[in-house]
Amino acid sequence: MTAITVNLNPIIQLTDNQFYQLCRENPEVKFERNAEGKLLIMPPTGGETGNRNFEIAADFVIWNRQTKLGVGFDSSTCFKLPNGANRSPDVAWIRKERWNALTPEEQEKFPPIAPDFVLELMSPSDSLRETQAKMQEYIDNGVKLGWLINPKMCQVEIYRIGKPIEILASPQQLSGEDILPGFILNLQIIWG
């Protein structure tokens, strides 16, 4: 199952607060919203993808607790990007100074900030074209480093501001570069 797009704009254009309330009133549904204001209903992941997401997130949690450089987020967190889209990457991370610059209310709702880092792990039902477009949207909105991990094709696409997309075939690990200093993701948990 792929994401379902619902265009309510001819009827109503949801404000940020209305979108937030819609999400709170329907916690069993994962919503995103694109820059045009169309609602995207995201399907749940299957067991394999859910386990991979969990394992990846654990590596980020351990690294972040050791370095204390920022704040990490799971796929349940929705960010309000500068272009107006509301997106929920599988893993996101924001430098502590940037996170602390937000008001308590901004931190509580859908933070109006582009993370410094995002990761998307494709599930079998995801569209590569749509996920690549989402990754480019992140970079266009200020994300400094993004990883698109595609288990089916055994490849990783690395997105960086101002640089061409780098495609790696079956890499054994990924480096967080200067965005996530000292972080290394071992991809054996993905490739098996």
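The following paragraphs describe the overall fold of the protein and then the surroundings of selected residues.

The structure is a predicted model, and its secondary structure comprises six helices and 13 strands. The radius of gyration is 16 Å, close to the 16 Å that the globule rule gives for 192 residues, so the protein is as compact as a globular protein of that length. Measured out along the principal axes, the C-alpha trace spans about 50 × 40 × 30 Å. Of the 192 residues, 42% count as buried, and among the contacts between residues at least 6 apart in sequence, 55% join residues at least 24 apart. The protein exposes about 10,000 Å², of which carbon and sulfur atoms supply 54%. With regard to charge, there are 19 positive and 24 negative charges, and the mean positions of these two sets are 2 Å apart.

Helix α1, formed by residues 16-25, contributes F19, Y20 and C23 to the buried part of the protein. Seen down the axis of α1, the buried residues fall within an arc of 100°, so they line one face of the helix. This arrangement can be set beside a general property: an α-helix has 3.6 residues a turn, so residues three or four places apart point the same way. The cover over the buried residues of α1 includes strands β2 (30-33), β3 (39-42) and β6 (86-87), together with helix α4 (104-108).

Two positions in strands were examined for their surroundings. A92 lies in strand β7, which runs over residues 91-95, and has a relative accessible area of 1%, so it counts as buried. Once neighbours within four places in sequence are left aside, the contacts of A92 are with V71, G72, F73, F79, P115, F117 and V118. A92 and F60, which are 32 residues apart in sequence, have their C-alpha atoms 9.4 Å apart in space. Q155 lies in strand β10, formed by residues 155-160, and is likewise buried, because its relative accessible area of 14% is under the 20% that marks a buried residue. With neighbours within four places in sequence again left aside, Q155 is in contact with L148, I149, N150, I167, L168, A169, S170 and W191.

S170, one of the residues in contact with Q155, is itself placed in the loop between β11 (166-169) and β12 (173-175). The phi angle of S170 is near 45°, a positive value in a residue other than glycine, and the residue is partly exposed, with a relative accessible area of 35%. A positive phi, of about 55°, is also found at E177, which is not a glycine either. E177 belongs to the loop between β12 and β13 (184-186), and with a relative accessible area of 29% E177 is partly exposed.

A further loop position is G142, located between α5 (128-140) and β9 (145-150). G142 has a relative accessible area of 27% and is therefore partly exposed. Apart from neighbours within four places in sequence, G142 is in contact with A114, P115 and I161, and P115 also appears among the contacts of A92 in strand β7. The C-alpha atoms of G142 and P164 lie 15 Å apart in space, the two residues being 22 apart in sequence.

Notes. Residues are numbered from 1 along each chain as its sequence is written. This is a predicted model: local features need pLDDT of at least 70, side-chain atom pairs count only at pLDDT 80 or more; totals for chains, interfaces and linings use all residues. Side-chain values use heavy atoms; hydrogens and water are left out. Helices (H or I, at least four residues) and strands (E, at least two) are DSSP runs, numbered from the N terminus. The radius of gyration is taken over C-alpha atoms; the globule rule is 2.2 Å times the number of residues to the power 0.38. Buried means under 20% relative accessible area, exposed over 50%, partly exposed in between (1.4 Å probe, protein chains only). Contact means heavy atoms within 4.5 Å. Accessible areas come from the Shrake-Rupley method with a 1.4 Å probe; for residues, only the protein chains shown count as cover. Lys and Arg count as positive and Asp and Glu as negative; His and the chain ends are not counted. The place of a charge is taken as NZ of Lys, CZ of Arg, CG of Asp or CD of Glu. The arc is that of the directions from the helix axis to the C-beta atoms.
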